[in-house]
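Biologist: I am new to reading structures like this one. Could you walk me through a few features, step by step?

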Amino acid sequence: MDDKKRKTDNATKRNLQRGNEQRFWFMVFSPEIFKIPATGEEFVYNSHNDKNRKRSLFQSFKDAKKGDIVIGYESTPTKKIIAKCEVIEKPENDDLSCKVTDRFPSPISYEKIKTTNGLEKVLS
């Protein structure tokens, strides 16, 4: 094991022991309703839709915390992972304030996700 990997593994173990586990959330955005902004920009992802109904996977909004990573998947017609975001604030109403940390120049397609070992169930 090289030094860089060893240091990363040790930092991860320390974070887990402290309860600082960074989690990853896969969130689907409909481009007709919401467009993920440019890198560096902030946005709020609402836990309820315009009719005040809880979004699917509502528990994810409740469980997410500051520092967690949000993988931004744009639904039909795009069907690709287009961005990586970070939760920067967790308001009391369960909405998520996020910042786009990366917009992918080559988004990852739905088909690629379905055929990648370990990710095939993400979109099912």
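Biologist: Let me start with a single residue. Which residues does S47 touch, not counting residues up to four places away in sequence?

Modeller: Happy to help, and please keep in mind that this is a predicted model. Contact here means heavy atoms within 4.5 Å. By that rule, S47 touches R53, K54, R55, F58, F61, N93, D94 and D95.

Biologist: And where does S47 lie?

Modeller: S47 lies in the loop between β2 (42-45) and α2 (58-63). Its side chain also has a polar atom 3.4 Å from the backbone oxygen of N93, and N93 is among the residues that S47 touches.

Biologist: Is S47 buried or exposed?

Modeller: A residue counts as buried when its relative accessible area is under 20%. S47 has a value of 0%, so S47 is buried.

Biologist: Let's turn to charged side chains. How many salt bridges does the count come to?

Modeller: The idea is to look for a side-chain nitrogen of Lys or Arg within 4 Å of a carboxyl oxygen of Asp or Glu. The count comes to two salt bridges. One of them joins D94 and K62, whose closest N and O atoms are 3.4 Å apart. This pair links distant parts of the chain: D94 sits in the loop between β4 (80-89) and β5 (96-109), while K62 belongs to helix α2, 32 residues apart.

Biologist: What is the accessibility of each partner, D94 and K62?

Modeller: D94 is buried, with a relative accessible area of 15%. K62, at 39%, counts as partly exposed.

Biologist: Which residue forms a salt bridge with D102?

Modeller: That is K84, and the closest N and O atoms of D102 and K84 are 4.0 Å apart. Here too the pair links distant parts of the chain, with D102 in strand β5 and K84 in strand β4, 18 residues apart. D102 is partly exposed at 34% relative accessibility, and K84 is partly exposed at 30%.

Biologist: How many disulfides does a search of the whole structure find?

Modeller: For a disulfide, two cysteine sulfur atoms must be within 2.5 Å. The search of the whole structure finds zero disulfides.

Biologist: Why is there no bond between C85 and C98?

Modeller: The closest cysteine sulfur to that of C85 is in C98, and the 6.0 Å between them is too far for a bond. As for accessibility, C85 is buried at 0%, and C98 is buried at 2%.

Biologist: Now a whole strand. How many residues of strand β3 are buried?

Modeller: For a strand, check the residues one by one and then look at which way they point. In β3 (residues 69-74), six of the six residues are buried, so the strand is largely enclosed by the rest of the structure. I69, I71 and Y73 point one way, V70, G72 and E74 point the other way, and all are buried.

Biologist: In which sense does β3 pair with β1, and how does β3 run relative to β4?

Modeller: β3 pairs with strand β1 (residues 24-29) in the parallel sense, over six bridges. β3 and β4 run antiparallel, joined by six bridges. I69 is a handy residue to follow: F24 stands opposite I69, and in β4 the bridge partner of I69 is E86.

Biologist: What do β3 and β4 form, and how many residues are between them?

Modeller: They form a hairpin with five residues between them. In the turn, K79 has a positive phi of about 55 degrees.

Notes
Residues numbered from 1 in each chain as written. Predicted model: local features only at pLDDT ≥ 70, side-chain atom pairs only at ≥ 80, totals over all residues. Heavy atoms only, no water. Helix = DSSP H or I, 4+ residues; strand = E, 2+ residues; numbered from the N terminus. Buried < 20%, exposed > 50% of the residue type's maximum accessible area, 1.4 Å probe, protein only. Polar contact = N/O pair within 3.5 Å; in protein donor to acceptor, adjacent residues only side chain to side chain. Pairing = 2+ DSSP bridges.
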